[in-house]
Amino acid sequence: MNQAPHVAIVGATGAVGVEILSCLETRNFPVGSLKLLASARSAGKQVAFRGKMLTVEELTEKSFDGVDIALFSAGGGISLKFAPIAAATGCVVIDNSSAFRQEPDVPLVVPEINPEAAFNHPRNIIANPNCTTIITLMALFPLHQRFGLKTVIASSYQAVSGSGQHGIAELETQVRAVVDGHPVVKNVYPHQIAFNLLPQIDSFTENGYTKEELKMLNEGRKILSLPELKVTCTCVRVPVYRSHSISVTAQFEKPVDLETARSAYEGKPGVALMDNPAEGVWPTPLDSTNGDTCYVGRMRMDMAIDNALTLWVVGDQVRKGAALNAVQIAELLVNR
């Protein structure tokens with residue numbers, strides 16, 4: 001691919017689109033030209049990039065002429081309509097939605113885990129995994145390499161920014177209302193999120209799991225090439241602005257020990273141990289917010305399951321869970 005590709009960002013004014021722009025700039029991604037695409041109501045807005053002001057354009061079917069890489073972050077409906085149009089021009093689409101993740105001829109890529117998958121994209125579409133899946137697998141993959149992953153039991157604690165700017169605004173408004181003794185207004189979530197926990201993210205399916213919870217199973221199997229991987233997950237929305245946390249119990253094929261498990265993270269990009277409970281050291285969402293690293297702590301031998309470890313992982317779901325991962329995929333294509 002052209003070493004200075006022509007790049008487009010679809011959904012450039014949304015939370016993830018803005019973060020993609022930041023990642024391109026801070027990581028010195030080689031950009032030949034940059035096209036910012038969004039809805040008609042955002043067209044005409046001015047956005048700064050590398051000392052210049054760029055004008056946001058309205059997304060149309062003709063937006064992708066001459067574009068080499070298109071980073072999509074505008075929702076599944078937009079991706080289903082426009083990603084094939086972009087791909088047909090020869091552009092490689094890196095899609096942040098769930099639209100194509102389970103398509104057998106669309107690779108699902110976490111660059112630290114399965115980078116080679118990015119180079120086999122017959123439809124010119126590469127899918128970015130779900131944010132919670134990415135953060136969880138960043139913690140589990142080094143252990144999988146040592147011990148062989150078999151079963152995952154997880155509970156996620158997901159920030160309101162996972163619902164976009166409206167989720168953040170609702171938490172802020174409700175906190176003020178509760179503190180000031182005013183009625184709480186609910187628009188984004190079915191129940192009050194301020195000072196509360198909501199054990200539902202996305203809609204329920206027939207087996208009682210939500211779509212969000214099943215992503216951990218289906219995407220984990222595809223990314224790790226483990227079709228028999230067993231996963232059970234409960235996803236919870238929490239009154240935190242940004243960064244997701246996941247409590248994980250993982251069972252392995254081989255016998256595990258803490259010393260080997262801890263050493264598995266040495267030299268691994270994008271993930272680091274923050275684990276010294278005796279000194280009060282363990283990761284919180286704030287430790288990862290606005291950062292690129294997923295942090296692992298509270299690692300211990302599980303007392304209920306053989307050959308299992310229990311751990312805690314946090315990661316910024318807007319960056320590594322979405323924007324950064326997409327930009328890293330683009331870097332793979334450019335640097336090949």
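Which residues does Q3 touch, not counting residues up to four places away in sequence? Q3 touches P30 and V334 under that rule, where contact means heavy atoms within 4.5 Å. Before I go on, I should say that this is a predicted model, in which local features need pLDDT of at least 70 and side-chain atom pairs count only at pLDDT 80 or more, while totals for chains, interfaces and linings use all residues. Residues are numbered from 1 along each chain as its sequence is written, and side-chain values use heavy atoms, with hydrogens and water left out.

To stay with Q3 for a moment, this residue lies in the segment before strand 1, and when I speak of helices (H or I, at least four residues) and strands (E, at least two), I mean DSSP runs numbered from the N terminus. Because its relative accessibility is 47%, Q3 counts as partly exposed; on this scale buried is under 20% relative accessible area, exposed is over 50%, and partly exposed is in between, with a 1.4 Å probe and protein chains only. N114 is 111 residues away from Q3 along the chain, and the C-alpha atoms of the two are separated by 22 Å.

Let me turn to the sheet with parallel pairing. As background, strands of a sheet pair through backbone hydrogen bonds, either parallel or antiparallel, and here two strands are said to pair if DSSP finds at least two bridges between them. This open sheet has 6 strands in the order 5-2-1-6-7-8. Strand 5 (57-58) and strand 8 stand at the edges with a single partner strand each, so one side of each is left without a neighbour in the sheet. At one of those edges, strand 2 (residues 33-38) pairs with strand 5 in the parallel sense over 2 bridges, and A38 stands opposite E58.

Further along the sheet we come to strand 7 (residues 92-95), where V92 and I94 point one way, V93 and D95 point the other way, and all are buried. Strand 7 pairs in the parallel sense with strand 6 (residues 69-72) over 4 bridges, and it also runs parallel to strand 8 (residues 125-127), to which 3 bridges join it. D95 appears in both pairings, since F72 stands opposite D95 and A127 in strand 8 is the bridge partner of D95.

What kind of unit do strand 6, helix 2 and strand 7 make? With helix 2 at residues 76-88, they make a right-handed β-α-β unit, right-handed meaning that, with the strands pointing away from the viewer, the path from the first strand over the helix to the second runs clockwise. Helix 2 lies across strand 1 (6-10), strand 6, strand 7 and strand 8, and runs at about 175° to strand 6; axes here are lines fitted to C-alpha atoms, for helices over the stretch in contact, and angles run from 0 to 180 degrees between N-to-C directions. Helix 8 also packs on the sheet, touching strand 6, strand 7 and strand 8, and its direction makes about 155° with that of strand 7.

Helix 8 (residues 319-335) brings us to helix packing. Helix 1 (residues 15-26) packs against helix 8 at an angle of about 50°, with the axes 9 Å apart. That angle makes helix 1 oblique to helix 8, given that under 35 degrees counts as roughly parallel, over 145 as roughly antiparallel, 65 to 115 as roughly perpendicular and the rest as oblique. Residues of helix 1 including V16, I20 and L24 meet a set in helix 8 that includes A322, L324 and V327.

Helix 3 (residues 131-147) packs against helix 8 at about 90°, with the axes 8 Å apart, and that makes helix 3 roughly perpendicular to helix 8. The residues that meet are C131, I134 and M138 in helix 3 and K320, G321 and N325 in helix 8.

Helix 3 leads us to the other sheet, since it lies across strand 9 (149-158), strand 11, strand 12, strand 13 (294-301) and strand 14, running at about 30° to strand 11. This open sheet of 6 strands has the order 10-9-11-14-13-12, with mixed pairing. Within it, strand 11 (residues 244-252) and strand 14 (residues 308-315) run antiparallel and are joined by 8 bridges, with Q251 opposite A308.
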